[in-house]
Structure formats: C-alpha cells, structure tokens
Number of protein chains: 2
Amino acid sequence: MSMNEAGGAPSLGSRRDWPDDFPVTGAWREGDDPGSRHFLELQRPLALEGGDVLDEVTVAYETWGALNARGDNAILICHALTGDAHVTGGGGGTYTPEGWWSRIVGPGAAIDTDRYFVVCANVLGGCQGTTGPASINPRSGRPYGSGFPQVTNRDIVRSQACLADELGVEQWFSVIGGSMGGMAVLEWAAMYPDRVRSIAPIATTLAASPQQIAWSAVGRLAIANDQWFNGGDYYDQQHGPANGLAVAREIALIHYRSDQEWVERFGREPLDRLDRFDPWGRFQVEAYLDHHGKKFPYRFDANSYLILNRAMDLHDIGRGRGGPAKALARFTGPGITVSVTSDFLYPAHQQAELAALLSQGGRSCSYHMIDSVFGHDGFLVEHDKLAPLLDEFFAKVRVETA
Amino acid sequence: MSMNEAGGAPSLGSRRDWPDDFPVTGAWREGDDPGSRHFLELQRPLALEGGDVLDEVTVAYETWGALNARGDNAILICHALTGDAHVTGGGGGTYTPEGWWSRIVGPGAAIDTDRYFVVCANVLGGCQGTTGPASINPRSGRPYGSGFPQVTNRDIVRSQACLADELGVEQWFSVIGGSMGGMAVLEWAAMYPDRVRSIAPIATTLAASPQQIAWSAVGRLAIANDQWFNGGDYYDQQHGPANGLAVAREIALIHYRSDQEWVERFGREPLDRLDRFDPWGRFQVEAYLDHHGKKFPYRFDANSYLILNRAMDLHDIGRGRGGPAKALARFTGPGITVSVTSDFLYPAHQQAELAALLSQGGRSCSYHMIDSVFGHDGFLVEHDKLAPLLDEFFAKVRVETA
C-alpha cells in the first residue's frame with residue numbers, strides 16, 4: 001500500500017498512472033489561442049442575483065450558420081456543467097472538427113446549421129473564455145480566485161440575453177440544452193418568455209433534488225480537501241487542486257453513466273491480473289475513471305467547477321416566484337423534454353413533472369423516453385435517438401408558431 | 001470563497017463546522033477500554049488468499065446468550081463495512097445499550113438471545129479489535145500501515161471459522177448479514193457448507209458490479225488524495241487522512257440512503273437562508289452529510305476503510321471456483337434474501353439473482369422485498385419489516401432441518 005510521497009507534488013502515487021505535473025488550472029486565459037471563440041465585452045456591470053456586481057464581463061461564444069432576414073431562425077444551445085461554447089466544428093476562427101454535440105449540430109443535422117443560426121456561449125463562472133474565477137479581477141489586477149461571487153443560472157441567462165441583443169436576436173426560434181443547460185433553458189422561459197419561441201430542456205429538472213445536491217457537495221469537498229486548494233486562491237501557486245478536481249470528476253462520471261453500460265463494457269475484468277490481490281490493483285472500470293479523471297484538470301478550472309456545481313444546486317425555477325407553475329406561466333410556446341431510461345442522476349420523474357407542468361393551461365410539451373444504457377450521458381451519446389425527436393419538434397414549431 | 005488555511009491543520013474551512021483536531025485514527029488499540037469485546041488470539045499464522053501471511057491474528061468478538069447442549073442454536077452475524085462486533089447491548093464486559101442491530105438482536109427479538117447463542121466478530125482488516133492495518137506488526141513492532149496485506153472475504157471467513165472452533169460451534173444454525181456481511185455469509189456457504197445450516201445474505205450480491213467498484217474506488221481516491229495519507233503510514237504523524245476519510249464517508253452515505261427519503265426529510269431547505277448565495281452556503285442535506293462525515297474518523301481507521309472497500313470489490317463468489325453456481329453447489333440448506341425497494345447501491349436484481357441461484361437443484365431460498373425509502377440502509381433501519389421475515393425463516397429452518 002505504498003502510494004503518496006508525503007509533502008511532494010500532488011500525486012496519487014506510483015501505482016496509478018496519474019501525472020505529477022497537472023496544470024494549476026485548465027482555464028482558457030487571455031493570450032491563449034482563441035480557437036473558434038468570439039468574445040463579447042458587456043458594456044456595463046452585471047448585477048448578480050446574490051447581490052454582488054461583476055464590473056467587467058466577457059462572454060465567449062461561437063456561432064454557426066447565419067441569421068435570416070426575418071431574424072426568426074436563431075437557436076441558442078446551452079451547454080452542461082463541463083461543456084463549453086464549442087458545440088461542433090466549423091465555427092468562426094480556427095477550425096476544429098469535433099465538439100460536444102457534433103452529431104446533433106451541423107449542416108443537415110437535427111440542429112441544421114444550413115437552416116438555423118446556431119449560438120452557444122460559455123457560461124458565466126465558466127473557464128473557457130467567459131468571465132469566471134480564473135479571470136482577472138479588474139479591481140485587483142489578479143485572478144478572482146476566492147473573490148469570485150456565486151453566480152446562478154439566472155445570472156447566466158442574463159448574460160446570454162446581452163449576447164442575444166448583440167447578435168440582433170429578438171426572439172430565439174428555440175433554446176435547447178441538457179442537464180445544467182436545461183436549467184438555463186427553463187430560466188429563459190421564465191425570465192424572457194417573449195424572447196423564446198420554443199424550448200427543449202433535456203435530462204434536467206425544475207429544481208435540484210437533495211440527492212443531486214449531495215452528489216455535487218461531495219465533489220466540492222474533494223476539491224476543498226486538496227492540499228493545494230488554498231481557499232480558491234491557487235493561481236499563483238506551483239500547483240492547483242488538480243487531484244481534488246480529478247476525484248470530483250470521477251465521482252461525477254459514475255453518475256453520468258450506468259452500471260448496465262459498465263457490465264457490458266468492463267464487467268469485473270482487472271487491469272492487470274497480477275495486481276488482483278494488491279490493495280491498489282485496479283479493475284478496468286477504475287482505470288477508465290482514472291483516465292477521465294486525470295484528463296479533466298487540463299481543460300477545467302477547479303473554482304469554476306465549484307461555482308457551477310453550486311449554481312446547479314441553487315437551481316429552482318420557482319424560487320422567489322411563487323413556485324414553478326407561476327414561474328413558467330408566462331411562457332406559452334411549445335416544449336419538448338427527453339429522459340434516458342438509465343439516467344439515475346436526473347431521473348425520468350423529473351422530466352415527467354416538467355412536461356406535465358409545461359402542458360398546463362392549453363400548452364403543449366411533448367415527453368419522450370430514450371431507451372439507453374448510457375445513463376445521464378445518453379443525451380450526449382444517443383444522437384441517433386435524439387435527432388429524430390428534435391427534427392419532429394422543430395418542424396412542429398415552424399408550423400404551429402408561424 | 002475563503003476556506004482552507006494553506007499548510008495548516010487539515011480543515012475544510014471556517015464555513016464548515018469541521019473539527020481541526022481529528023484523531024490520527026479512530027481504530028481501537030490495545031490498552032483502550034475493551035468494552036464488551038472478547039479477544040481470540042489465533043494459535044498459528046493465517047495464510048491469506050492473496051499469498052501473504054499474517055503471523056499473529058487477534059479476532060475481537062462479542063456473544064449473547066448461551067450455546068445449548070446440542071450445540072445447534074448458534075447464529076453468526078456478519079457486520080457490514082463500517083460495523084463492528086457490537087451488534088447490540090448486553091454482551092460481556094462493559095454494558096453499552098445500543099448496537100448497530102439492537103432492534104433485531106436481543107431477548108425476545110427476531111434474533112432472540114434467549115433462544116440463540118449469537119456471535120459477531122469484527123472482520124479481519126477492520127479496526128475495532130481484530131487485526132488490521134492499525135495493529136502492531138510483530139515483525140517491526142510498529143503499526144502495519146502500508147504494510148498490511150490485502151484481505152478478502154474468504155480470509156475474513158477463515159478467521160471466523162477459527163472463532164467457531166474456539167467457541168465449540170460445529171455448525172451454525174444460521175449465518176446472517178447484510179451488504180459486506182452478506183458477502184461473508186455467501187462465503188461461509190461456499191467454503192464451509194457443512195458448518196452452516198441456513199443462510200441469510202441480505203441486500204448483497206454474488207459479485208461486486210463495476211458501478212459498486214467505481215463508488216468504492218472514488219472513496220479510496222479521496223483518502224489517497226489527503227495530504228496526510230502518506231501512503232498509509234500516518235500513525236506516527238500529527239494528523240491522519242481524516243478529511244479524506246470523511247469525504248469517502250459522505251460519498252458512501254449518499255448511496256446508503258435515497259432521494260425519496262431526503263426529499264421528505266430535507267427538501268431544498270438551506271441551513272441558513274442568509275448564506276443562500278454564498279458558494280459555501282449549505283443546504284440541510286449537506287449539513288447532514290457533514291455531520292456524519294466528521295463523526296466517522298473518530299471511530300474508524302482510513303487504512304481499514306481502504307482494505308475493506310477493496311475486499312468488497314474483490315468479492316466474487318465464483319472466482320476461481322468455476323462460477324457462482326458451482327461455488328455454492330455444496331450448500332444445500334435453506335436461505336432467505338431480502339431487497340429494499342429504494343436500494344440503488346445493491347439493487348434488487350442482485351438479490352433476485354442470488355435467490356434464483358440458491359433455489360436451484362431442489363433447494364429453497366425465499367426472496368422478499370421491503371418497501372422502504374431508506375435505500376441500502378433499509379436492512380439496518382426497517383427492523384419492523386425485517387424482523388417478521390427472519391422470524392418466519394428461522395421457524396422454518398428449525399422445522400425443516402431438524
């Protein structure tokens with residue numbers, strides 16, 4: 001059971017193939033290659049729901065296709081917790097072929113970039129170009145770190161509304177997103193019902209449940225417990241809380257997939273049969289988790305992870321609005337929501353409740369179940385099953401709300 | 001977001017009510033009050049499944065009631081991961097009224113100590129008196145720490161068989177246990193089929209699934225990532241990996257309960273409404289997790305947690321025996337198994353498979369479902385629902401195997 005080297009660089013020990021040179025942060029920073037990102041600098045301070053004010057806000061975003069003359073073909077995609085604006089390749093700037101929803105968005109795809117003007121913005125509090133904890137605080141000239149205020153999905157959506165203004169989009173044809181992205185979709189319907197023609201909140205919830213909060217909380221604890229966390233002020237240190245972030249990522253990954261998938265994929269196969277009776281021997285499923293855990297700190301910032309997880313926990317569409325029904329009463333357009341059979345992180349009953357609520361008062365919200373072993377990630381992975389549902393929905397929106 | 005004090009004592013920060021004086025280990029150590037424990041020192045070295053040998057082994061145990069003249073009234077209870085031999089009060093030595101199964105075991109209870117001779121031993125690798133990583137290694141005169149070999153449920157059962165010899169129990173009337181305890185129950189049936197008249201493996205599995213391994217693995221990572229872990233050699237340090245152990249405990253607790261229970265119990269209530277938009281503000285469910293997380297290092301040892309979690313991952317009743325059916329073929333007695341509806345850690349299909357297998361070849365294994373919101377912990381909490389099932393089963397065993 002020999003592992004950590006006490007007092008040394010953060011390392012989970014020689015038995016694991018973790019690097020000992022994790023970056024301090026995986027955040028994109030000014031001066032890095034912008035790739036296909038565009039940047040909007042808001043012209044005034046952004047007042048946050050919690051009472052704080054961000055003096056300067058930059059929103060990083062990408063677009064595909066073009067806004068038509070009537071301005072009625074714009075679709076906003078809201079990314080999930082660890083996503084970013086790079087939904088698919090072919091945006092402006094540097095061409096990169098793959099994005100997190102490449103099979104759903106593109107020329108001729110369900111979200112057809114030949115037909116629609118497609119927009120995705122990195123969320124406020126994130127780490128891929130939009131203002132977040134790793135950004136420079138104009139008041140101090142140094143990264144915010146522990147000084148970054150808590151943002152909510154409502155703040156995120158307000159920043160996206162500024163982007164819509166900038167892009168000349170008065171009303172989105174649709175706002176779509178899964179998981180945390182679906183929370184923003186619901187907030188768009190609550191906050192700007194006239195600016196949204198239809199909504200597609202997928203694999204998401206009206207309010208985070210106690211179990212969802214709990215899973216989020218243990219990930220935060222794993223980060224806070226990292227010896228290099230330093231309360232969030234780690235940007236000028238030799239190391240950041242990358243090991244803690246990796247552990248948080250592994251915890252989350254378990255909830256993004258399902259046992260069914262892993263039984264088929266890994267079973268109980270050990271990585272190395274000779275290590276079977278070693279305390280630090282690993283099964284293949286562990287090596288899979290470690291593989292993804294150790295990749296994560298290269299592309300994400302621990303403070304953004306903390307802030308956005310907490311934003312998800314704070315998600316409650318009815319908070320301060322007299323409950324969810326009142327919150328969404330002013331949105332009268334069509335909706336669609338989708339569950340994945342094996343999703344135990346955002347279980348089907350949450351989307352069923354959402355669909356039922358959005359079907360009240362003569363409205364319509366179709367509800368679909370994707371049969372899949374991919375758990376919560378089903379909305380990202382099962383593009384062949386999701387695409388026809390979106391195709392049909394968008395066709396209906398075009399006709400019914402024309 | 002001000003929290004950790006860099007370089008100081010392990011602490012999750014001022015916003016959490018965690019102590020900064022966690023013990024180095026929560027293990028019971030020689031010289032501490034033995035309470036109602038008895039100790040058996042094995043008279044020869046114990047060879048382990050993995051090839052290592054423990055030169056000296058002590059088994060800490062408790063008993064209730066008395067072995068009858070025919071020697072046919074002994075019940076062995078196998079505890080779960082963080083349990084110990086103190087199933088209930090009223091054992092030998094210091095009287096303590098509460099145990100982890102007080103409502104199931106006692107005079108007149110389902111496991112009636114007026115009728116049965118009841119035995120429970122702390123598992124090998126544990127930390128409550130039986131030899132484990134915090135014990136003194138006779139070869140070095142210092143605690144084993146990183147030098148403690150990986151044990152398996154088969155090793156645990158072998159040590160329990162030595163205890164049975166010592167106590168004069170040739171055949172157990174029944175061997176019963178839930179979760180990890182249920183794994184030992186199955187191993188008793190596989191290893192010593194003639195010494196077991198009936199078995200009651202509850203809320204357990206024939207083999208740990210990849211998802212179960214994954215949940216176990218992230219808890220281990222949280223411990224390994226603690227700055228005070230030092231590869232397992234922390235007993236002579238100022239601090240142990242208590243924060244990491246607490247995080248592992250919180251991760252596990254989520255899987256021991258259910259969202260249904262927490263929706264009813266906590267909903268989305270914040271601990272303090274003024275902290276709502278603070279990144280480190282907590283919901284009540286988080287305060288509940290932290291309460292249990294911070295208690296845990298006072299009664300458990302991080303190395304034992306690692307060793308026993310890995311032992312559970314290694315659990316596969318069919319390993320090296322030609323599969324589960326062959327492994328259990330020699331056990332012909334009656335069995336009972338029980339699922340809890342909301343248990344997603346050891347889901348019902350695992351007990352259904354177990355019951356089906358133990359019903360092959362003219363054998364009988366009854367299968368029951370307890371309707372409960374208490375998740376995996378249902379087998380500990382729902383004593384009013386479990387007790388009648390055990391009553392009925394034991395009556396059947398008395399008649400059918402008389």
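How many residues does the contact take from chain B and from chain A? In this predicted model, local features need pLDDT of at least 70 and side-chain atom pairs count only at pLDDT 80 or more, while totals for chains, interfaces and linings use all residues. Residues are numbered from 1 along each chain as its sequence is written, and chains are lettered from A and ligands numbered from 1 in the order in which they are written.

The contact takes 57 residues from chain B and 57 residues from chain A, two residues being in contact if their C-beta atoms, placed from the backbone, lie within 7 Å. Among the elements of chain B that give two or more residues to this side are helix H3 (210-224) and helix H7 (302-314); helices (H or I, at least four residues) and strands (E, at least two) are DSSP runs, numbered from the N terminus. The largest share, 10 residues, comes from H3(B).

Chain B is superposed on chain A by a rotation of 180 degrees with 0.0 Å of shift along its axis (RMSD 0.0 Å); the fit is by least squares on the C-alpha atoms of residues with pLDDT of at least 70 in both copies. The two copies are thus related as by a two-fold rotation axis. Of the residues of chain B, B:Gln227 comes closest to that axis, at 2.9 Å (C-alpha). Because 100% of the interface residues of chain B are also interface residues in chain A, the copies meet through the same surface.

Within chain A, 12 of the 12 residues of H2(A) are buried, that is, 20 or more other C-beta atoms lie within 10 Å of their own, with C-beta atoms placed from the backbone.
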